[in-house]
Amino acid sequence: MSKSPKTRSTKPNRTVSIIGTGSYVPERILTNAELEKMVETSDEWITSRTGIRERRIAAEGEHTSHMAAKAAQNAMEQAGVTAEEIDLIIIGTITPDTFTPATACHVQRILGAKNAACFDISAACSGFLYAVEIAQQFIANHTYNTVLVIGADKLSSIIDWQDRNTCVLFGDGAGAAVLRYRARSHGVITTFMASDGNYGDILHVPGGGCAMPTTPENAGQKLNTLKMNGRETFKQAVLSMGAAATAALAQAGLTADDLTCIIPHQANMRIIESLADRLKIPIEKFHVNLDRYGNTSAAAVAIALDEANREGRFKVGDYILLVVFGGGLTYASSVIQW
Ligand code: UT7
């Protein structure tokens with residue numbers, strides 16, 4: 001299927017700004033050297049093929065909601081927003097604490113955000129940007145004023161730790177942003193989303209859902225762990241992120257030269273380099289932290305956004321581009337004037 005998705009014709013009719021960002025990663029560091037003792041791999045292979053040196057792994061009893069709530073608290077603190085002011089909590093995750101209640105409801109309880117409506121969305125690594133778009137729609141349409149958007153995943157809970165094709169790539173973490181209407185202010189210029197269900201099986205968790213419930217007979221087959229066709233995922237990642245970035249820039253009426261910083265999904269340094277080549281943007285403009293955290297799924301772009309924000313990589317008025325892809329396939333891109 002070609003990657004020339006439709007662009008949305010409308011720009012938001014009400015300015016929606018990110019007024020605070022936050023992130024959280026667990027304390028425990030899992031290095032490439034430790035992985036060498038777990039599967040047949042090497043630090044040299046992992047570093048040269050992916051750029052990843054270490055990742056964070058959640059502690060025993062530390063769930064997606066705990067990480068999400070910590071990231072949210074950081075974002076709310078920066079935004080100067082209290083829990084009671086939050087109208088809506090949306091979490092992008094594929095590793096919910098429980099099938100039901102939604103992880104967003106668990107986070108609501110932890111934060112004491114008693115006035116919020118809460119739900120999760122499932123868009124794999126694209127979950128945070130999908131949630132930003134949903135939040136923007138609610139705010140632009142005057143339904144809500146203050147929305148807490150979180151990308152959080154505990155990928156370590158769905159990894160087959162004997163599969164070297166996947167276990168070296170992923171880590172745990174959470175990132176959050178508070179979005180709010182601000183009159184005559186800079187904000188989210190456009191968000192572009194797309195999906196291609198034809199490629200669903202290149203990156204998927206086949207079991208554990210109603211199509212293939214876990215039973216005593218299939219329990220040993222690890223069907224509830226992540227399976228990936230690495231080469232095809234790599235190819236689709238470059239194509240889809242390139243298409244999403246181009247579409248978002250076109251919608252915003254901007255070119256790559258207008259951008260101060262690009263925050264890409266943090267899956268593989270070679271994917272980011274290929275994207276930079278494709279978009280003809282110097283690699284120095286990309287914010288990269290995958291060497292320290294690996295691929296944290298929905299959290300990745302949100303953690304990177306928070307890090308870049310706190311490092312002062314962009315200032316008020318600068319244009320930044322966020323671009324992601326993930327299982328589904330799903331992909332998305334957002335242009336924000338900070
Ligand atoms: O959020 C989206 C998540 N996923 C991704 O973004 C992944 C996208 N894909 C990739 O990043 C890359 O395809 C990988 C890093 C997964 C693999 O890199 P590659 O250059 O595409 O390697 P490959 O799949 O072509 O495999 C090369 C060799 C294979 O051995 P043979 O068949 O050539 O003998 C693999 O079995 O490397 C082997 N291999 C490993 N060797 C050492 C695969 N994983 C490992 C490993 N350590 N961890």
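The legends below describe close-up views of a predicted model.

**View 1. Polar contacts of the ligand with Thr 41, Gly 230 and Arg 231**. The side chain of Thr 41 places an N or O atom 2.7 Å from a nitrogen atom of the ligand. At Gly 230 the partner is a polar backbone atom, and a nitrogen atom of the ligand lies 3.0 Å from it. An oxygen atom of the ligand is 2.4 Å from an N or O atom in the side chain of Arg 231. On its own the ligand has 940 Å² of accessible area, and the protein covers 77% of this area.

**View 2. The shell of residues around the ligand**. The ligand is surrounded by 23 residues, and the closest are Thr 41, Arg 49, Arg 231, Asn 268 and Asn 295. Sorted by class, the shell has 10 nonpolar, 8 polar and 5 charged residues.

**View 3. Helices and domains that build the ligand shell**. At least two shell residues come from each of helix H2 (43-50), helix H6 (164-167), helix H7 (230-252) and helix H8 (269-279). H7 gives the largest share, 4 residues. Domain 1 (17-184) and domain 2 (188-337) each contribute at least three residues to the shell around the ligand.

**View 4. The second largest pocket**. The volume of this pocket is about 170 Å³. Its lining has 15 residues, of which Ile 18, Ile 19, Arg 182, Val 316 and Trp 338 are the closest to the pocket centre. Strand E1 (16-24) and strand E13 (330-337) are the elements that give two or more residues to the lining. Which element provides the largest share of this lining? E1 does, with 4 residues. The lining of the second largest pocket divides into 6 nonpolar, 8 polar and 1 charged residues. Domain 1 (17-184) and domain 2 (188-337) each supply at least three residues to the lining of this pocket.

**View 5. The largest cavity**. The count of cavities of 30 Å³ or more comes to 1. The space in the largest cavity is about 30 Å³. Its lining consists of Thr 214, Asn 218, Ala 219, Lys 222, Leu 223 and Asn 224. By class, these lining residues are 2 nonpolar, 3 polar and 1 charged.

**View 6. The cis peptide bond from Thr 100 to Pro 101**. Omega for this bond is near 5 degrees. Pro 101 is in the loop between strand E4 (88-92) and helix H4 (103-111).

**View 7. The cis peptide bond from Gly 328 to Leu 329**. Here omega is near -20 degrees. Leu 329 sits in the loop between strand E12 (319-326) and E13. The strand on the E13 side of this loop also gives two or more residues to the lining of the second largest pocket.

**View 8. The backbone at Ala 124**. Most residues other than glycine have a negative phi. Ala 124 is not a glycine, yet its phi is positive, at about 50 degrees. Where along the chain does Ala 124 lie? Ala 124 is part of the loop between strand E5 (117-121) and helix H5 (127-140).

How values were computed. Residues are numbered from 1 along each chain as its sequence is written. This is a predicted model: local features need pLDDT of at least 70, side-chain atom pairs count only at pLDDT 80 or more; totals for chains, interfaces and linings use all residues. Side-chain values use heavy atoms; hydrogens and water are left out. A residue is near a molecule or strand if one of its heavy atoms lies within 4 Å of it. A polar contact is a pair of N or O atoms within 3.5 Å; within protein, one must be able to donate a hydrogen and the other to accept it, and residues adjacent in sequence count only if both atoms are side-chain atoms. Accessible areas come from the Shrake-Rupley method with a 1.4 Å probe; for residues, only the protein chains shown count as cover. Ala, Val, Leu, Ile, Met, Phe, Trp, Tyr, Cys and Pro count as nonpolar, Asp, Glu, Lys and Arg as charged, and the others, Gly among them, as polar. Domain bounds come from an automatic or database domain assignment. On a 1 Å grid over the protein atoms alone, a cavity is a set of points where a 1.4 Å probe fits but cannot get out, and a pocket is an open set with protein on both sides within 12 Å along at least five of seven lines; lining residues have an atom within 4 Å of a point. Grid points are joined across faces, edges and corners, and a volume is the space filled by probe spheres set on the points.
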